[in-house]
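Welcome to a short tour of one protein model. Please have the sequence and the 3D view open side by side as you read.

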Amino acid sequence: MTDISPLPASATAEVSVDRRLSRRQMLADDVYEAIKAMLMDHTIKPGARISIDGLARDFQVSSTPVREALARLESEGLADKEPLKGYRATPLLTLEEFDDLYAFRRLIEPWAARRAAELIDASGASQLRAELATAVEPTSADYAGYKSLTAHDSRFHSLVAGLSGSDQVRLAFQRTHCHLHIFRLHYDRATGPEVLVEHRQIVEAITSGDPDAAEQAMQRHLDTSMAQRLRKVYNA
């Protein structure tokens, strides 16, 4: 006969605590995602003050998960904390900041793609193909529609940087959170298919072990993103 004796009181207490912690984390994550969507879609305008109490009322939660969410968003460069004043949404990239970001990317990412092609092995090739398989075209022109592509873009470029063999390069890229700033700056649905085609070209070059082709594919991807898709925003 199967033993269905109740858990000891101490074990029951531990399970209860675990469930409370899990619910609390889920709540914090939900609030974080909701505020992030508001920032990405400009529902909270760039540069606007963010009311912790107002968001807590809107979400019908305490101020704690809102504060935790804003701390995470500050680490991603989407919110700025001002001493004694609270949080503001970060402004959009200026033209100078945009050019600086792409100057940085054009220095390290083509090099990383070249090194990845030189060092590629079966495991690395499998990781690249697996990441590419997660990519889906956006379903709408708001953050809900292209959230998946934003996450893929971040993982993909971080993976290529990591496959270069340099953790410093990977960490330097990740600290820019460039995918968030770029998608927040401008997005339309036509961008999605183009991005995925360019990612496939990069994967094909790296997995074939062709350093020249990998470097050139990454360079084209960055140049197209900068010149054809994004820089025109500043000329509008």
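What follows covers a sheet, one glutamate and two enclosed or open spaces. Please keep in mind that this is a predicted model.

**The sheet**

Three strands make up an open sheet, arranged in the order 1-3-2 with antiparallel pairing. Strand 1 (49-50) and strand 2 (79-82) are at the edges, and each has a single partner strand, so one side of each has no neighbour in the sheet. Strand 1 runs antiparallel to strand 3 (residues 86-89), and two bridges join them. If you would like a place to look, find Ile50: its bridge partner in strand 3 is Tyr87.

**A glutamate on helix 10**

Glu215 belongs to helix 10 (residues 211-230). Is this side chain's residue buried, exposed or partly exposed? With a relative accessibility of 29%, Glu215 counts as partly exposed, because that value falls between the 20% and 50% cut-offs. Beyond its neighbours within four places in sequence, Glu215 is in contact with Pro110, Ala113 and Arg114. With Arg114 there is also a polar contact, side chain to side chain, at 2.7 Å. The C-alpha atoms of Glu215 and Glu109 are 8.1 Å from each other, although 106 residues separate the two along the chain.

**A cavity and a pocket**

The count of cavities of 30 Å³ or more comes to one. Its volume is about 170 Å³. Of the 15 residues lining this largest cavity, the closest to its centre are Ile182, Phe183, Val195, Ser225 and Leu230. Helix 4 (95-119), helix 6 (143-163), helix 8 (178-185), helix 9 (191-207) and helix 10 each give at least two residues to that lining.

The largest pocket holds about 170 Å³ of space. Its lining includes Tyr32, Glu33, Lys36, Glu76, Tyr143, Lys147, His177 and His179. Helix 1 (9-40), helix 6 and helix 8 each supply at least two of the lining residues.

The table sets out the linings by class and by main contributor.

| Space | Nonpolar | Polar | Charged | Largest share of lining |
|---|---|---|---|---|
| Largest cavity | six residues | six residues | three residues | helix 10, four residues |
| Largest pocket | four residues | four residues | four residues | helix 6, five residues |

To tie this together on screen, start from helix 10: Glu215 sits in it, and the largest share of the cavity lining comes from it as well. Then move to helix 6, which supplies the largest share of the pocket lining and at least two residues of the cavity lining.

Methods:
Residues are numbered from 1 along each chain as its sequence is written. This is a predicted model: local features need pLDDT of at least 70, side-chain atom pairs count only at pLDDT 80 or more; totals for chains, interfaces and linings use all residues. Side-chain values use heavy atoms; hydrogens and water are left out. Two strands pair if DSSP finds at least two bridges between them. Buried means under 20% relative accessible area, exposed over 50%, partly exposed in between (1.4 Å probe, protein chains only). Contact means heavy atoms within 4.5 Å. A polar contact is a pair of N or O atoms within 3.5 Å; within protein, one must be able to donate a hydrogen and the other to accept it, and residues adjacent in sequence count only if both atoms are side-chain atoms. On a 1 Å grid over the protein atoms alone, a cavity is a set of points where a 1.4 Å probe fits but cannot get out, and a pocket is an open set with protein on both sides within 12 Å along at least five of seven lines; lining residues have an atom within 4 Å of a point. Grid points are joined across faces, edges and corners, and a volume is the space filled by probe spheres set on the points. Ala, Val, Leu, Ile, Met, Phe, Trp, Tyr, Cys and Pro count as nonpolar, Asp, Glu, Lys and Arg as charged, and the others, Gly among them, as polar.
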